[in-house]
Amino acid sequence: MDRPTVLFPLFDRVQSLDVTGPLEVFHGAASIPGHAHRAPRVVTASPDGAPVRTDSGLTLLPDTALDRVGAIDTLVVPGGPGTRTPDPHLVTWVAERAPHARRVASVCTGAFVLAEAGLLHGRRATTHWNHCATLAHRFPDITVDPDPIFVRDGPITTSAGVTAGIDLALALVEDDLGADAALLIARHLVMFLRRPSGQAQFSTHLATRTARRPALRDLQHWIADNPAADLSVPALAERAGFSPRQFSRLFTAEVGTTPGRHVERVRLETARRLLEESDDGVTAIARACGLGTDEALRRAFVRSLGCTPTEYRNRFRTTT
């Protein structure tokens, strides 16, 4: 029986790890005893069959040209700067061939190619945290979720940035060959089979606009410098010179989020920085960032980042 084909389309300025990471997972499936006959056959193809140069300067030699590719079981579109203005030939080819594949996936900003091809219309999707806002703005019909490592919506799966492509490939192998096979590959690659939590842990979580009005803009800076102060709506409104109702309306319109949500983000970001860069205990950090108690800090971290403050520090601490 023919092995299913996993195709990686290649293009200039592709992110090399978006290709090689998932490719190693699928390749590893063929080495598992008892699964070689079911493991996928990996094929790479560029629009014209010519070598492509990755964004990091590596040259990749594809197996064939896109128009010479036969039946596809799984299409995996990698990301990279080359997806910002994707090759029209690539977009057209994906739009024509993807519906005939059993499943379609993207790694990182490869989601932009799927979106250009019309495959994400009305669907939920993700991409690298730094590009989620752009994807949502350019394609408002897509429900963009910035946190998950990958998102499944029907036969289409989109994944977060770079190494998330490995998580995605492990999940696809698990679908086909079972959890034991995927776990063996993950162990060989020294990876989690299921990475704890989402990509918000790795992003700068504070992502709000700067207000246009000087009074509100100055207030934003003051909030960032004084996270432990009284940052209630009445106190902030008085400081900015507005009534509470007018302040809430103007702040939300100009900053893109409510005052309360903005304050929570500032305090969470302060706590993240202190956990990464200081030796302060969790109790001291809870007070310094304005969340007050260990429990309030823990709830904020679990709700927003999917981990406790202690777990976050263990992963991201930068000082000894």
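Let me begin with Arg 124 and Asp 145, whose side chains come together in a salt bridge with an N to O distance of 2.9 Å. Arg 124 sits in strand E8, residues 124-125, while Asp 145 belongs to the loop between strand E9 (143-144) and strand E10 (150-153), so this pair ties together parts that lie 21 residues apart in sequence. Please keep in mind that this is a predicted model. Both partners are partly exposed, Arg 124 with a relative accessible area of 36% and Asp 145 with 22%.

The next pair is Arg 152 with Asp 175, a salt bridge in which the closest N and O atoms are 2.8 Å apart. Here Arg 152 is in strand E10 and Asp 175 in helix H5, residues 164-177, so the bridge ties together parts that are 23 residues apart in sequence. Arg 152 counts as partly exposed at 39% relative accessibility, and Asp 175 likewise counts as partly exposed, at 45%.

My third pair is Arg 213 and Glu 254, whose side chains meet in a salt bridge at 2.7 Å, N to O. This one links distant parts of the chain, 41 residues apart, with Arg 213 in the loop between helix H6 (179-188) and helix H7 (214-225), and Glu 254 in helix H9, residues 244-255. Arg 213 is partly exposed, with a relative accessible area of 31%, whereas Glu 254 has a relative accessible area of 10% and is therefore buried, the cut-off being under 20%.

Turning to the whole structure, how many salt bridges does a search find? The search finds 15, and there is also a network of salt bridges that links Asp 73, Arg 102, Arg 103 and Asp 176.

Conventions:
Residues numbered from 1 in each chain as written. Predicted model: local features only at pLDDT ≥ 70, side-chain atom pairs only at ≥ 80, totals over all residues. Heavy atoms only, no water. Salt bridge = Lys/Arg side-chain N within 4 Å of Asp/Glu carboxyl O. Helix = DSSP H or I, 4+ residues; strand = E, 2+ residues; numbered from the N terminus. Buried < 20%, exposed > 50% of the residue type's maximum accessible area, 1.4 Å probe, protein only.
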